[in-house]
Amino acid sequence: MSRLEAKKPSLFITDPLTKDGVSQSLSLLSGILKSCYGPAGRLKQLHNGVGGYVCTTSQSSAILSRLSVSHPVLGVLMASVQNHISRFSDCGLFTAILCCSLIENFKSLNIAPCTVIKISKHLLSLCMDYLKSEACGCRVAVDFSSVETLLCLVRSVLRSKPACMLNKTEVDHLTTLILKAFLFTVPCHAESNAVLGKCIIVPMKGRRVMDSAVLPGLLIETPEIQLAKPLTVKRTCSNMIKIALFCVSMSGDSFNPKEGTITVHHGISLEMSELNQLLNVGKQLVNDEVGLVVCQKVIHPSLKQYLKENGVIAVDRAGLSLMEPLSRMTGSKPIASIHDLSPGCYGSLKDVCIESFASKNFVHLIPDDTVVCSLILCNRSETAWDELKRACETAEHVLQLTLKEPLALLGGGCTETHLASYIRHKSCSLSTSSFEDTDCSQTQYQLVADGFCRSLESVAHSLNHDEGEILTDMVYGHCWFVPPGFPPVSSWSDLVSKCGCGVNGNGENLKWRLLQSQFGSAAVTQECPKEPLVKAADFLTLDCYAAKCSGLQVALETANLILDLLYVIKDQN
């Protein structure tokens, strides 16, 4: 077939960052993300041009997955941040805001991109070495023998999601439930190849948040089972309940005409043959002392009735998502054929009972060793529930990452301002050999370091949405927020009580400066105290160590990649 129009040549864009359209789009994206950041972040409503579901959120995972960008430079940035979110769930906005700020600050320098990249890599190595060192003043060790720090981590995640519409009592209640659910998934017996269990979220929309609860084991919704009737379950001689798990349809219509043709002899009913086979399976299950049958798909009513008459509970339509946790929890192997039933496929349960929540009936499967649990998650509206579900999943992932690396970073902007102060201090005391290694002058190094520090401080500055002043102290390098409506004064101590993370109070004779002010910055002259001045850990705001360290690296590496772009080649056909 002949081409209807001539093939267009590819479009070559030289130095894409110098183009006004790219700069404006980058600035717009940065503004959108900054306005979402932190507990006081402004909400965004996202929907497509033809209607459909409207998402109200301030979370990076929801925003970036629904934003469409036309320029490849922004596409690189968003793909990089989304990859970070897929691996760590947390610190997506931190990563994106920092990356945008680094690009804007580095682009404004009259220094060759290759030199900026070399210097910024050295600055990143200084940051990472400091964050990994015992002397780090913005790092907190997490002690798993006490729940206080873990509660702070979870609470910090929930408080940073305003679209969940939670008050303090609800945040505290959910924080306890999420931590309890996580502890259920940690194996009791330590092994070299131990694997964490799973928390299954059971949706309850339109209910009070305080109705949320955590139960060990699994809940499977079963509308046909009546709560009023006592549940009798067949047990083995060891008082356990044997369970058979089927991942194949048991409805009696397993033959699919699309798979081919079969020959049926005269007088033979295919449906009756299938049903007889199912009933034979039922007899074997009864003979093997199975007390519970769970099927991913549908069970034939006649088979259900037969099993019920013989003291076997039958639960169907469990769904694919429950197969893996069910198998893990009970030790059973999913049975994929009704023609091949082996006693080795069965698992066991400690107990089975009926639970009722919000007019819904559930079969509650209780294991002997809890590695799977159910979080009954309630919220008043569907929009708030969707946001809360994402927040709970993020909090669970943060706890998993913290279990692997038991550290946390100070939140509330304090890690960013502390790191900025540390880098300014280090960059002023570097030896001549360091400048030779990066092949730059001291002036160039100082300019890039200042741009790097201003980028970190801009992230902390993004937490402020009420036009109040933001301070950093000259001792610990922490971030302090002044309520709006107060004019700049020389004595800030009367206006601030605690720093952003809650570690430091204003009891000491601290000296202050306005964040991102014209007077430069002070270095950290003393480390953050090992023991928090605020003894009650309830007031601490903490960030996930692994997620934030990764976000710092991803932001800088992505910014360097974009700065190094010389051409964008775009196919126009």
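I began with a cut-off: buried means under 20% relative accessible area. Asp316 comes to 5% relative accessibility, so I noted this residue as buried. The model I am reading is a predicted one.

**Entry 1: Asp316**

I looked up where Asp316 sits, and found it in the loop between β10 (313–315) and α10. Which side chain does the side chain of Asp316 meet in a polar contact? My note says Lys304, at 3.2 Å. I then listed the contacts of Asp316, leaving aside neighbours within four places in sequence: Glu224, Cys295, Lys297, Val298, Ile299 and, once again, Lys304.

**Entry 2: Met323**

From that loop I moved on to helix α10, residues 323–330, where I found Met323. Is Met323 buried or exposed? I wrote down buried, because its relative accessible area is 6% and the cut-off is under 20%. Not counting residues up to four places away in sequence, Met323 touches Leu245, Phe246, Cys247, Gln296 and Ala318. I also checked Met323 against Leu219: they are 104 residues apart in sequence, yet their C-alpha atoms lie 12 Å apart in space.

**Entry 3: helix α7**

Next I turned to α7, residues 168–185. I compared its span with the expected one: 18 residues at 1.5 Å a residue should give 26 Å, and the end C-alpha atoms are indeed 26 Å apart. What caps the N-terminal end of α7? I found Asn167 there, with a side-chain oxygen 3.2 Å from the backbone nitrogen of Thr169.

I noted the buried residues of this helix too, among them Val171, Leu174, Ile178, Ala181 and Phe182. A reminder to myself: an α-helix has 3.6 residues a turn, so residues three or four places apart point the same way. The buried residues of α7 pack against two helices that I wrote down, α6 (148–159) and α11 (382–404), and against strands β5 (198–205), β6 (213–216) and β14 (372–379).

**Entry 4: Arg390**

Having met α11 as a partner of α7, I picked out Arg390, which lies in α11. Arg390 has a relative accessible area of 18%, so under the 20% cut-off I count this arginine as buried. Its side chain makes a polar contact with the side chain of Glu387, at 2.7 Å. Which residues does Arg390 touch, not counting those up to four places away in sequence? I listed Cys55, Thr57, Gln59, Ser61 and Ala62.

**Entry 5: helix α5**

I gave α5 (residues 113–132) the span check as well: its 20 residues reach 28 Å from first C-alpha to last, close to the 28 Å expected. Its buried residues include Val116, Ile119, Ser120, Leu123, Cys127 and Tyr130. What covers them includes the helices α4 (92–107), α12 (414–428), α14 (442–461) and α15 (545–563), along with β4 (139–141) and β15 (407–410).

**Entry 6: a surface patch**

I then went looking on the surface. Phe12, Leu566, Tyr567 and Ile569 make a nonpolar patch of about 450 Å². Tyr567 lies in strand β20, residues 567–570, and counts as partly exposed at 47% relative accessibility.

**Entry 7: the whole protein**

Last, I stepped back. I have 15 helices and 20 strands in my notes, on a C-alpha trace spanning about 95 × 75 × 45 Å along its principal axes. Of the 573 residues, 50% are buried. The accessible surface comes to about 27300 Å², and 52% of this belongs to carbon and sulfur atoms.

Terms used:
Residues are numbered from 1 along each chain as its sequence is written. This is a predicted model: local features need pLDDT of at least 70, side-chain atom pairs count only at pLDDT 80 or more; totals for chains, interfaces and linings use all residues. Side-chain values use heavy atoms; hydrogens and water are left out. Helices (H or I, at least four residues) and strands (E, at least two) are DSSP runs, numbered from the N terminus. Buried means under 20% relative accessible area, exposed over 50%, partly exposed in between (1.4 Å probe, protein chains only). Contact means heavy atoms within 4.5 Å. The expected span of a helix is 1.5 Å times one less than its number of residues. A polar contact is a pair of N or O atoms within 3.5 Å; within protein, one must be able to donate a hydrogen and the other to accept it, and residues adjacent in sequence count only if both atoms are side-chain atoms. Patches are made of residues with over 30% relative accessible area and no salt bridge: like charges are joined within 9 Å, nonpolar side chains (Val, Leu, Ile, Met, Phe, Trp, Tyr) within 5 Å. Accessible areas come from the Shrake-Rupley method with a 1.4 Å probe; for residues, only the protein chains shown count as cover. A salt bridge is a side-chain nitrogen of Lys or Arg within 4 Å of a carboxyl oxygen of Asp or Glu.
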